[in-house]
Amino acid sequence: MAKKYEFNEIESRWRKTWADANADGATADETREKFYLLEMFPYPSGRIHMGHVRNYTIGDVLARFWRMNGKNVLHPIGWDAFGMPAENAAIQSKSHPYKWTKSNIAEMREQIKALGISYDWEREVTTCEPDYYRWTQWLFTKFLEKGLAYSKKTFVNWCECCGTVLANEQVQQGLCWRCDNAVTQREQNGWFLKITDYAEQLLADLEKLKGEWPDRVIAMQENWIGKSRGARVSFKVDGMDETIEVFTTRPDTIYGATFMALAPEHPLTKKLSAGTSQEKAVDDFVIKMGKEETSKRTADDTEKLGIFTGRYAINPMSGEKIPVWIANFILIEYGTGAIMSVPAHDERDFAFAEKYSLPIRRVILKEGEDENAPLKKAYTGDGTMINSAEFNGANNRDEIPAINERLKETGVGEETISYRLRDWGISIQRYWGAPIPVVHCEACGTLPVPEAELPVILPTDIDLLDGGKSPLPRLDSFVNTKCPECGGEAKRETDTMDTFICSSWYFYRYISPKCEELPADKGDLKYWLPVDKYIGGIEHAVLHLLYARFFNKFCRDIGLHSEDEPFKNLLTQGMVIKDGAKMSKSKGNVVDPDEILKKYGADATRVFILFAAPPEKDLDWDDSGVEGAYRFVSRVFRLYDKWVDELRTIPEEKGALTDSGRELRRMRHHTIKRFTVDIKDRAHFNTAIAGGMELLNFLADCKPQDNAEKLELKGTLIDFLKLLHPIMPHLTQEMYHRFGFESYLTDETWPKYMEELTKADTVTIVVQVKGKLRAKMEVPKDISEDELKELALEQEKVKADIGGKEIRKIIVVPGRLLNIVV
């Protein structure tokens with residue numbers, strides 16, 4: 001009776017052995033080529049889920065593979081512990097965020113270790129600990145020092161459910177990225193980082209990532225940065241010492257501007273209506289719009305709504321007075337929050353003008369069209385300019401440079417470039433985040449906390465207020481402090497930093513987790529940066545990934561390192577799906593990793609996760625698939641249990657191989673090639689495992705005839721352990737040890753293949769009659785075409801199908817197919 005695979009004993013024993021030896025620790029070594037491999041670190045807001053299992057398993061395969069290929073691999077792990085995900089989970093569990101987070105980290109750490117992931121646990125970082133957020137605060141003071149951090153009162157994205165401000169990137173289709181509730185506009189003070197100063201660099205350097213990052217992620221960042229060429233134009237407000245600045249990509253249509261439209265949140269909105277008969281109507285409209293989702297306001301099928309301000313602006317080119325309106329479809333975060341409205345040549349403006357009976361004036365005439373014909377819809381194409389003073393009769397595109405030059409000459413505008421990207425709002429009105437290291441002094445203003453006084457400690461011995469509101473503003477011991485400049489009474493900032501600040505630089509801290517002088521040692525940064533392989537979800541394309549690129553460029557500019565980009569290669573893995581939907585507690589389709597590990601073991605779980613789908617595709621969970629993975633691992637165990645004791649001590653006397661021995665050697669080299677290509681070049685672990693299954697089937701039937709063939713079998717079995725090791729590390733280490741090897745398999749050399757030995761001595765030829773399969777023949781690969789035809793015509797089914805019919809021709813595709821046409 002075959003011995004049972006006791007995975008619990010084997011896996012736990014080897015994990016302890018590796019941990020005791022710190023087998024996966026890494027140190028900088030200038031004599032070796034480095035490979036920094038990183039998976040996005042988790043929020044410790046609960047237990048790990050199958051998405052985590054997939055992410056970390058994919059990374060572990062690559063970490064072990066590259067170590068076996070001679071690279072000095074850094075593979076760390078840590079915890080994105082601050083922020084709303086952890087805080088909200090703590091509130092729901094009626095626990096304190098610090099206690100809840102630390103408890104989750106302890107539990108998640110053990111869950112991850114149970115998977116056998118080869119992390120360097122000596123480099124573990126936790127963003128909510130003072131030794132980490134000291135450097136988060138230090139980086140903020142550097143932004144402040146360089147004029148790239150500032151505070152202002154502005155309209156912000158507000159999530160009532162989470163009780164905090166959201167950055168533009170955190171609003172997805174009008175909903176909060178975290179809780180999926182509606183986001184509204186609210187005016188208040190907040191802290192911002194000038195990511196816009198890096199807009200051109202962030203856009204231009206995407207070229208360096210093409211071929212290394214998924215095209216979809218690059219396109220998403222390009223669209224979010226949103227570079228546009230056009231003109232900045234100033235419209236003077238009639239009767240007031242104010243101007244309304246707009247950005248337009250169509251200065252050729254300026255003579256067709258018949259009204260202006262401002263966002264409800266525009267700083268001039270209430271100022272324009274003040275003292276007019278429209279003041280109350282405008283105030284009411286602004287309040288109403290502030291309660292609506294921005295995505296709904298701008299949707300194509302949303303009714304275009306507006307209100308007249310009671311004021312007029314002067315068209316700087318025509319001198320015409322045009323009314324200034326407030327419109328629901330104008331957003332403060334796009335352009336300048338104001339537009340010159342040209343209804344004849346813009347679909348939204350056309351709908352708005354028709355609704356409110358505003359003038360519509362053609363200034364570009366489509367070829368062959370009568371300028372006096374009624375305009376039934378906006379014309380957005382090119383043509384001949386009309387109603388445009390001296391530019392009449394010219395092609396509109398040809399005259400754009402001249403119009404821009406006229407704007408510049410008259411001092412009312414100029415050609416410019418605009419970006420959709422807006423400065424990053426980084427302050428949140430929540431407790432669980434890194435305190436913003438500034439103080440407010442009535443005499444000296446707002447000042448950074450001196451470096452020697454960092455970190456500003458977040459108190460962890462206080463309770464949250466009802467609804468998760470921050471207790472910091474009411475905590476005198478936190479708020480009251482001394483001004484670092486005059487020594488007088490001062491107040492600490494009580495907003496905390498957005499969690500994405502913490503994750504924008506964590507990959508530095510892994511490099512030097514104990515460094516006391518800087519976020520990371522410059523020499524270590526020089527050796528390890530950039531991250532060679534970064535793995536995570538595509539949902540972070542314009543959140544974490546954009547912010548991390550921005551931080552990296554800033555840290556380069558202040559001299560921490562010299563790298564333009566933080567992540568050389570990006571792999572975005574798909575989701576784990578069950579019952580047609582992403583695994584979610586709310587949907588009741590979650591599979592508990594602990595249950596799977598308990599029933600099948602880590603190696604079988606890893607095999608299933610890797611075999612079910614390529615990394616970039618969604619993975620459909622299938623219980624039978626896990627069973628199949630377990631059977632595969634068990635078969636591997638039984639194969640080695642059968643042979644290892646016999647082959648471990650056979651004499652190393654090589655001899656000539658028989659045909660079966662040569663086929664064994666071919667399968668060995670063929671499988672090595674397949675694993676190497678599938679993991680290194682394609683990261684398609686599923687096809688590598690499929691190749692392993694083919695070799696396993698072959699080896700199960702292997703009956704070596706002599707010592708030479710047994711030696712070949714031994715070599716094949718040892719190489720097979722190395723190939724399988726990144727995928728199922730525990731069992732392979734066990735059998736490697738039983739072969740008599742004491743070393744850690746991850747430190748062994750990846751097997752090499754010889755191309756000429758991967759080719760078969762024979763080939764399978766498909767025989768068809770009139771395109772229909774009639775036979776398959778195993779023939780020597782160097783068989784002549786005449787011999788092949790003769791052999792095909794002797795096949796019984798072929799002869800029966802031909803009967804007495806005339807053979808018109810025989811088509812041969814060398815090495816693959818023979819088709820007889822009758």
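These legends walk you through several close-up views of one predicted protein model.

**Figure 1. The whole chain, before we zoom in.**
Let's start with the full picture of this predicted model. The chain holds 26 helices and 34 strands. Its C-alpha trace spans about 105 × 80 × 50 Å along the principal axes. Of the 822 residues in the chain, 55% are buried. How many of the contacts between residues at least 6 apart in sequence join residues at least 24 apart? The share is 72%.

**Figure 2. Helix α19 meets helix α20.**
Here you can follow two helices, α19 (residues 602–611) and α20 (residues 623–648). Their axes come within 8 Å and cross at roughly 120 degrees, so α19 and α20 are oblique to each other. The crossing of these two helices is right-handed. On the α19 side, look for D603, A604, V607 and F608. On the α20 side, their partners are G625, V626, A629, Y630, F632 and V633. Sorted by class, the residues of this contact between α19 and α20 comprise 8 nonpolar, 1 polar and 1 charged.

**Figure 3. Helix α1 packs against helix α24.**
This view brings together α1 (residues 7–20) and α24 (residues 729–738). The two axes are 9 Å apart, and the helices pack at an angle of about 85 degrees. Because of that angle, α1 counts as roughly perpendicular to α24. Which residues of α1 take part in the meeting with α24? They are I10, E11, R13, W14, R15 and W18. Across from them, α24 offers P729, H730, Q733, E734 and H737. The contact of α1 with α24 has 4 nonpolar, 3 polar and 4 charged residues.

**Figure 4. Cysteines without a disulfide.**
A disulfide is a covalent bond between the sulfur atoms of two cysteines. How many disulfides does the count give here? The count comes to 0. Take C128: the closest cysteine sulfur belongs to C502 and is 9.0 Å from the sulfur of C128, so the two are too far apart for a bond. C128 counts as buried because its relative accessibility is 4%. Now find C444, which is in no disulfide either. The nearest cysteine sulfur to that of C444 sits in C486, 3.7 Å away, while the cut-off for a disulfide is a pair of sulfur atoms within 2.5 Å. With 25% relative accessibility, C444 counts as partly exposed.

**Figure 5. A close look at M289.**
M289 is part of helix α9 (residues 279–290). Is M289 buried or exposed? M289 counts as buried, because its relative accessibility is 0%. Leaving aside residues up to four places away in sequence, M289 touches P264, R297 and N328. For a sense of scale, try finding K102 as well: M289 and K102 are 187 residues apart along the chain, and their C-alpha atoms are separated by 42 Å.

**Figure 6. Two cis peptide bonds.**
This pair of views shows peptide bonds that are cis, each with a proline as the second residue. In one view, the cis bond joins L454 and P455, with omega at about 5 degrees. Where is P455 placed? P455 is in the loop between β22 (445–448) and α13 (476–479). In the other view, the cis bond joins L529 and P530, and omega is about -5 degrees. You will find P530 in the loop between α16 (522–528) and β26 (533–536).

**Figure 7. Positive phi at N387 and A683.**
These last views turn to the backbone angle phi. N387 is a residue other than glycine, yet its phi is positive, near 50 degrees. N387 lies in the loop between β17 (384–385) and α12 (400–409). Its relative accessible area is 38%, so N387 is partly exposed. The phi of A683 is also positive, near 50 degrees, and A683 is likewise a residue other than glycine. Look for A683 in the loop between α21 (659–681) and α22 (685–700). Is A683 buried or exposed? A683 counts as buried, because its relative accessibility is 9%.

Technical notes
Residues are numbered from 1 along each chain as its sequence is written. This is a predicted model: local features need pLDDT of at least 70, side-chain atom pairs count only at pLDDT 80 or more; totals for chains, interfaces and linings use all residues. Side-chain values use heavy atoms; hydrogens and water are left out. Axes are lines fitted to C-alpha atoms, for helices over the stretch in contact, and angles run from 0 to 180 degrees between N-to-C directions. Helices (H or I, at least four residues) and strands (E, at least two) are DSSP runs, numbered from the N terminus. Angles under 35 degrees count as roughly parallel, over 145 as roughly antiparallel, 65 to 115 as roughly perpendicular and the rest as oblique. A crossing is left-handed if the near helix is turned anticlockwise from the far one by less than a right angle, and right-handed if clockwise. Contact means heavy atoms within 4.5 Å. Ala, Val, Leu, Ile, Met, Phe, Trp, Tyr, Cys and Pro count as nonpolar, Asp, Glu, Lys and Arg as charged, and the others, Gly among them, as polar. Buried means under 20% relative accessible area, exposed over 50%, partly exposed in between (1.4 Å probe, protein chains only).
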